[in-house]
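Reader: I am new to reading structures and would like a close look at one part. Please start there and then show me the surroundings, step by step.

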Amino acid sequence: MRKKAVPSLKSDATQAVYWLRSEVFEQGVLPISLPPSYSLASLMKISAELTDLTMVTFSEWLNVSSKCLGISNDLAMVLFNAFEAIFIDDPTVTLQNTRDELGAQENGLLDAYRANKSVPLPSFLIFLFIQLYHRNSPLASPRHDVWPQEASTVASVGMQPMLSPTRAMALSARVTDHEDQLQFVKRHLYDMLVLVALGKYKVSLPQIQDFQLLLYEGENLTKETSFGSLMPCWQKPAQSKEQPADKTQLVDISVLQTYVSQRLVQNSALYPSVDLPTNRSSTKATWQQNTKAYINSLSGVTKSLFVRTAENMNPQNKIVRIYCNHQANIYLLMPLQHVAIFGCTNCTIILGTVSRMVTIEHCEKVRVVCATKFLRINHSADTRIYACINTRPVIGSGNKNIEMAPYNIHYPALEHHMQVAGINPKLNYWDMPICLSKDVCVGPLPASLFSSIAIPFNVQGITVCNPCPLPLEYSQELRRKTTIVNQLCEKIRQMSDNNGEGKRLIHSHFREWLVNSGNLRHVLDLLYHDDKESQ
C-alpha cells in the first residue's frame, strides 16, 4: 500500500508573516511565583488528563491544577480569570456572563455557577505555558532595582520626580522587551504546538487556530488574516478552483514549527517599545491619537493635568501605557481594552471603562479609579484603588499599604462606556482581593475616609449618578459628608449676605488653603482646560 506523503509548507505563493500579540505578554504573563512542579512536563500531564476534551470547566481545572501543577486554588482562580479577561473579546458575551454570575450570587448558587464556567482547552494551555516566560527570562529584576528612589525615609514624603536611568532601563526591559518575547516563542513554539495537539505530533487547521491568542498572521505587518489561512497546505489546490481546501488535513508539527519560526518577526510599528524619560529636560506629555499602532502611551506628565475623552480615542488601541508620570492628575474618560500603569508617583489617575485588564506596577502614592474586568497590583506602595471589578482583584508581591475602596465617580457617558466594555456595575469584587504574597499588604479603605471624586468636564451622556451600588457604611458616610457640605454652604451664604467682611475672610482662608494643599495648581489647570475647550 502506497504511503501518503507528508504535506510540505516550503513553497508558498503567498508570503505569510507572523508577529506577536504583545498585549498577551505585557498583560497576560503574570509576575507570580510558580512552584518547580509547574513545567512543560506537568502541562503535558494536564493535556493527557483532559485529552478527550476541547473545553475545560473551572472545577476540572481546579482538580488538575492541584494534581499536576501543585498550585493553590487561589492561584488557579487567578490564572483562569486572567485567561478569560484576555480571551473573551465580545463585550456582549462578557456582559451576559456577569449577569449570569450576579444572578447565581443572588440565589446562593455562585459556587455551582463558577464550577461550570468553561474555557477552550488548547488556548488555555498556550496561556498556561507562556506563564513560564518570567522564569526563563533574565529580566526578572528584584524589587529594589526598579523601586522609585526616596529622598527621605518618612512615609509619603520626598519622592524623586523621575526614575534613575538605571532603574528606568530595568523597568522598560521588564515590561516591554519585545525581542526577548519573540525569542521565547521561537524557542518554545514546538512545545506549544504539541500542547495544542493534545500530545499528538500532527495538527489540523482548526487545532492551530488556537494560536491566534498569541500570534497574528498576515500578508504584511499591518493587516491580519484568520490564523492559518495563508498556510499553503490548507489552501485550495492550484489545479482545481472548485475543490475546497481540506482543513482537516494533518500537518507534521516540526514542519509547521519551521514554517512559522522563519516568518515570525517583531512588529515595532504596531507595538512600539517604551521610551522612558530619565531626566527633567525630557519630560513632555505624549499621547498619540492618530496612529495605526496598537499601543498608546502617556508619559512625562509632571505637575500638570492631562484629559482625554472618547473623542480622542483611537479604536486601534489595545493597550494604553501610563508610565513615569509624577504629581499629575490624569483623566482618560473613554472605553479602553488594557491599561498598564507603572513607574508613577503622587498621581491621581481616573480611567473610563477597561474591558480586559488594568495592571499597576512600581507605583507609589497613586490614586486609581477604574471599572474593569481584571485588576492586578505588584511592587507598589501607599496606593489607593477605587474600583468596580467583575473578578477578584489580584494583589501580587512587593506591595505595601494597598487600600481598596468601592467605585466613587460618575460622568455622563459612564453607563454607555460600561455597556461598550461589557462591565457589569452591579457585580463588584473590590473587597475580595486574592493576595498572592505572604505579607499582609492590602485592606479596605475606612468608610470615614471615603468620598466621591467629581469629574469637572463636559461629556455627552445620560448618566447622572454612580451606577455601582455602594456598601451601606460607605453610602451613609457619603450622605453624612454631603449634609455637612450643604450646611457649610448655607452658613457661608448667610455670612456673605449679612457681613461682607466675613465673606472676604472666608475667601482669604480658602485661597491660603488652595496654595498650602497644592490644589491651586489643579484648579488653574482645570480653568486652563476649560478655556481651551471653549475656544
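Reader: In which helix is N81 found?

Author: First, a caution: this is a predicted model. N81 is in helix α4, which covers residues 73-87. Is N81 buried or exposed? Its relative accessibility is 8%. The cut-off for buried is under 20%, so N81 counts as buried. What does N81 touch? Set aside the neighbours within four places in sequence, and N81 is in contact with F374 and T391.

Follow F374 into the sheet region. Strand β14 spans residues 364-378. β14 runs parallel to β15, and 7 bridges join the two. One pair to find on screen is V368, which stands opposite I385 in β15. Now look to β17, residues 400-406. β15 and β17 are also parallel, with 6 bridges between them. Here I385 turns up again: its bridge partner in β17 is M404. Strand β15 itself covers residues 381-389. Of its 9 residues, 8 are buried, so β15 is mostly covered.

Step back for the whole protein. It has 17 helices and 19 strands. There are 535 residues, and 51% of them are buried. Now take the contacts with a separation of 6 or more. In 64% of these, the residues are 24 or more positions apart.

Next, two helices that pack together. A general point helps here. Two packed helices are described by the angle between their axes and the distance between the axes. Helix α2 holds residues 40-49, and helix α3 holds residues 58-69. Their axes are 9 Å apart, at an angle of about 140°. The cut-off for roughly antiparallel is over 145 degrees, so α2 and α3 are oblique to each other. The crossing of α2 past α3 is right-handed. Which residues make the contact? From α2 come S42, L43, K45, I46 and E49. From α3 come W61, V64, K67, C68 and L69. Sorted by class, this contact has 6 nonpolar residues, 3 charged ones and 1 polar one.

A quick look at helix α7, residues 121-130. How many of its residues are buried? The count is 10 of the 10, so α7 is largely enclosed by the rest of the structure. Among these buried residues are P122, S123, F124, F127 and F129.

Now a second sheet. How are its strands ordered? The order is β6-β5-β1-β8, in an open sheet of 4 strands with mixed pairing. The edge strands are β6 (224-225) and β8 (264-265), and each pairs on one side only. Strands of a sheet pair through backbone hydrogen bonds, either parallel or antiparallel.

Take the neighbours in turn. β1, residues 17-20, runs parallel to β8, and 2 bridges join them. W19 has V265 as its bridge partner in β8. β1 also pairs with β5, this time antiparallel, through 4 bridges. V17 has G218 as its bridge partner in β5. β5 and β6 pair in the antiparallel sense too, over 2 bridges. They form a hairpin with 5 residues between them. In β6, the bridge partner of G218 is E224.

So G218 deserves a pause. It lies in strand β5, residues 215-218. At 0% relative accessibility, G218 counts as buried. Leave out residues up to four places away in sequence, and G218 still touches Q15, A16, V17, W19, K223, E224, T225 and L230. L230 is 12 residues from G218 in sequence, and their C-alpha atoms are 7.6 Å apart. The rest of β5 fits in here. Both of its faces are covered. L215 and E217 are on one side, Y216 and G218 are on the other, and all are buried.

One last stop is a loop. S204 lies in the loop between β4 (202-203) and α12 (205-208). S204 has 10% relative accessibility and therefore counts as buried. S204 and I253 are 49 residues apart in sequence, yet 9.8 Å apart in space, C-alpha to C-alpha.

Technical notes:
Residues are numbered from 1 along each chain as its sequence is written. This is a predicted model: local features need pLDDT of at least 70, side-chain atom pairs count only at pLDDT 80 or more; totals for chains, interfaces and linings use all residues. Side-chain values use heavy atoms; hydrogens and water are left out. Two strands pair if DSSP finds at least two bridges between them. Buried means under 20% relative accessible area, exposed over 50%, partly exposed in between (1.4 Å probe, protein chains only). Contact means heavy atoms within 4.5 Å. Axes are lines fitted to C-alpha atoms, for helices over the stretch in contact, and angles run from 0 to 180 degrees between N-to-C directions. Angles under 35 degrees count as roughly parallel, over 145 as roughly antiparallel, 65 to 115 as roughly perpendicular and the rest as oblique. A crossing is left-handed if the near helix is turned anticlockwise from the far one by less than a right angle, and right-handed if clockwise. Ala, Val, Leu, Ile, Met, Phe, Trp, Tyr, Cys and Pro count as nonpolar, Asp, Glu, Lys and Arg as charged, and the others, Gly among them, as polar.
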